[in-house]
Amino acid sequence: MTAAIGSSLLLALAVLTVASCAGRDTPARYELGRAATPQEIAALDIDAAPDGHGLPPGHGSVAEGAALFQQKCQQCHGANGEGMAPAFPALVGRDPKGEGFAFANDPKITKTIGNYWPEAVTVFDYVRRAMPHTAPGSLSNDEVYALTAHLLAANKVIAADATLDSASLVRVKMPYHDRFVKDNRRGGSELK
Amino acid sequence: MKRRDLLAGAAGLIGGAVLAGAPNAAAGQQRVPSSTPPVLPPPIPDDPTKLQGAPTSQVGTRSTFVTPTRTPYGEVTGSSLTPLQDLTGTITPADLHFERHHAGVPRIDPAKHTLMIHGLVKRPLVFSVADVQRFPQVTRTYFVECSGNGRAAYRDPKPDMTPQKVAGLTGNSEWTGVPLRVLLAEAGVEASASWFLAEGGDACVMTRSIPLEKAMDDALVVWAQNGEPLRPEQGFPLRLLLPGWEGNTNVKWLRRLELGTRPWATRWETSKYTDPLPDGTARQYSFEMDAKSIITSPAFPRTIVKGWWPVTGLAWSGRGAIRRVEVSTDNGRSWADAELHGTPLAKAHVRFTHQWKWDGTESVLLSRATDDTGYVQPTRAALIKVRGLGTDFHFNQIVGWRVAADGHLFFHGES
């Protein structure tokens with residue numbers, strides 16, 4: 001065996017080794033699935049975030065929302081949003097006992113949009129995706145803005161003559177927004 | 001009347017009750033008529049060696065003498081609890097694994113179901129269920145626990161609570177699926193992404209925001225549980241599995257993952273699944289389940305006699321593996337290390353046993369878990385001090401069973 005043949009054999013062996021390693025390694029991609037079209041994404045991407053991302057065009061007034069609520073919501077949530085426990089939660093009630101944010105001390109205090117929810121946009125997002133109970137996802141964007149306006153006004157968060165659209169909804173600050181804190185539990189010996 | 005006839009009659013009654021109950025259980029769902037009439041259990045002979053047994057069957061059934069059941073409550077939006085007192089080992093049979101859902105169990109055709117990944121990715125993708133199943137798969141054992149598990153026993157412990165009532169919103173299974181980071185790599189995660197939204201295909205289109213670190217760590221997209229496809233109640237055909245994190249984040253009927261730069265503040269992570277604290281704040285995005293244990297046998301409503309008993313139960317932690325379980329038979333005055341069955345797996349139930357000789361005096365049995373971060377399961381009083389009685393989720397207080405002098409056991413939740 002000449003040195004040249006020996007070295008080309010070694011090279012071939014090295015190439016084979018690299019190739020077989022690459023075969024066992026995780027490839028960058030498996031080439032599975034297909035591209036999602038913008039239309040497909042738009043059809044499912046209905047989430048709205050507190051910074052306004054995802055809020056659609058449209059608008060609705062408190063008065064329009066109040067009328068819609070009587071038509072589509074009050075049979076479960078009550079005429080004044082008092083709810084029917086435990087299946088249909090109370091929606092309205094801003095510190096009914098003047099209790100502040102004392103939920104940890106008294107399990108009987110009912111959580112409502114007005115006394116607990118930290119973000120106004122959440123009302124829009126949830127009503128849009130999940131309500132009404134008998135026909136989830138059936139409301140138009142204008143109807144969802146109107147119902148959001150009604151619920152926020154009933155909780156004395158916005159004025160009774162307000163109209164909401166994406167810009168005004170993002171500006172609504174919920175009364176107890178600043179009470180929500182990050183999880184500080186880290187395991188170990190300290191009980192939190 | 002002979003004993004044989006009595007037993008046959010009882011078996012017939014059980015069978016009849018099951019049949020009578022079936023249409024109610026299926027109410028509101030489309031019922032497919034069965035082509036073969038249900039077969040009643042055969043009579044039970046005095047001597048089973050003198051009679052040919054039952055033929056083979058397509059699907060096995062439990063003995064008619066063994067009837068573990070979940071305890072469903074709530075209509076549509078409800079829960080059903082795992083009968084912990086009826087189970088041994090650590091794997092929860094899939095049909096007894098607890099259920100919790102907020103808009104009922106959807107019926108989904110797996111041939112039509114898709115999983116979309118979009119947002120801050122280089123290539124937005126749609127996967128069929130078959131696509132997902134072609135990625136490299138892993139099988140791992142993890143518990144799932146609803147973060148409301150134990151609320152009733154924490155707020156208002158009562159002597160007539162069973163293990164199922166006290167802690168039945170947990171189950172432990174062998175899950176098969178693909179690591180989420182593999183699916184995300186296929187779509188190409190943008191450097192700016194730090195959170196993702198997971199969305200389910202049920203009637204409330206359930207959504208939770210999850211830090212991207214969890215996807216890169218141990219998150220899975222699973223399609224099988226304990227060797228068979230997921231059951232509808234557990235998310236068929238696809239569910240997110242976030243080991244050690246509160247049950248609600250393990251989004252079932254998973255249909256969409258959107259990558260972004262901040263959480264979405266969905267209803268479930270704001271008005272629900274947040275923890276009010278005595279200082280007037282509420283802890284949000286509190287994902288990890290704290291270390292916990294419960295003696296599942298003996299327990300209410302059983303009665304024991306003097307002599308040796310295995311005091312056995314389950315322990316788990318959302319932060320890692322259980323390092324130690326201690327059992328007390330004297331209401332916490334002294335503790336002994338229980339035997340752990342096998343090497344505890346991270347974020348999975350481990351079975352423990354402490355062999356105990358009851359001498360006929362009133363006793364209180366307690367268990368206390370320690371995980372591998374050094375976290376020790378707290379007493380109820382200690383937990384109330386830091387969380388308040390009205391806090392809403394994450395209950396892992398020490399619980400146990402009082403043994404009365406006559407051998408009756410009662411829930412003991414006040415330690």
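In this predicted model, a good place to start is chain B, where the charged end of B:R262 sits over the ring of B:W264, 5.1 Å from the ring centre. A second arrangement of this kind involves B:R368, whose charged end lies over the ring of B:W335 at 4.1 Å from its centre.

Rings also meet other rings here. Over all chains, the structure holds 18 aromatic pairs. Take A:F124 and A:Y145: their ring centres are 4.5 Å apart and their planes stand at 50°, so this pair counts as tilted. The two residues come from distant parts of the chain, with A:F124 in helix α5 (residues 120–130) of chain A and A:Y145 in helix α6 (residues 141–154) of chain A, 21 residues apart. Both A:F124 and A:Y145 are buried.

Chain B offers another tilted pair, made by B:Y154 and B:F395, with 4.8 Å from centre to centre and 45° between the planes. Because B:Y154 lies in helix α3 (residues 151–155) of chain B and B:F395 in the loop between α7 (380–387) and β23 (400–403) of chain B, this pair ties together parts that are 241 residues apart in sequence. B:Y154 counts as buried, at 0% relative accessibility, and B:F395 also counts as buried, at 2%. Back in chain A, ring pairs join A:F101, A:F103, A:Y116, A:Y176 and A:F180 into a cluster.

Now turn to the place where the two chains meet. The contact takes 64 residues from chain B and 52 residues from chain A. The size of an interface is often given as the accessible area lost when the parts come together. Here chain B and chain A bury about 4800 Å² between them, and 56% of that is on carbon and sulfur atoms. Three residues, B:E186, B:R267 and B:R283, supply 12% of the area that chain B buries against chain A, more than any other three residues.

Polar links cross this contact too. Between chain B and chain A there are 28 residue pairs in polar contact and 7 salt bridges. In one salt bridge, the side chains of A:K111 and B:D392 meet at 2.6 Å, N to O. On the side of chain B that touches chain A, α7(B) gives the most, with 4 residues. Helix α7 of chain B is also the place of B:A381, which counts as exposed at 53% relative accessibility.

The search for salt bridges over all chains finds 36. One of them joins B:R256 to A:D47, with the closest N and O atoms 2.5 Å apart. This pair crosses between chains, from strand β13 of chain B, home of B:R256, to the loop between α2 (38–44) and β2 (59–61) of chain A, where A:D47 sits. Both B:R256 and A:D47 are buried.

B:R256 has a partner within its own chain as well: it forms a salt bridge with B:E258, the closest N and O atoms being 2.9 Å apart. B:R256 is buried, with a relative accessible area of 0%, and B:E258 is buried too, at 4%. Salt bridges that share partners join A:D45, A:D47, A:D125, A:R129, B:E199, B:R255, B:R256 and B:E258 into one network.

Within that network, A:D125 and A:R129 form a salt bridge, their closest N and O atoms being 2.9 Å apart. Both residues lie in helix α5 of chain A, 4 residues apart, about one turn of the helix, and both A:D125 and A:R129 are buried.

Methods: Residues numbered from 1 in each chain as written. Chains lettered and ligands numbered in written order. Predicted model: local features only at pLDDT ≥ 70, side-chain atom pairs only at ≥ 80, totals over all residues. Heavy atoms only, no water. Phe/Tyr/Trp six-rings, centres within 6.5 Å; stacked < 30°, edge-to-face > 60°. Buried < 20%, exposed > 50% of the residue type's maximum accessible area, 1.4 Å probe, protein only. Lys NZ or Arg CZ within 6 Å of the ring centre and 35° of its normal. Contact = heavy atoms within 4.5 Å. Buried area = accessible area lost by both parts, 1.4 Å probe. Salt bridge = Lys/Arg side-chain N within 4 Å of Asp/Glu carboxyl O. Polar contact = N/O pair within 3.5 Å; in protein donor to acceptor, adjacent residues only side chain to side chain.
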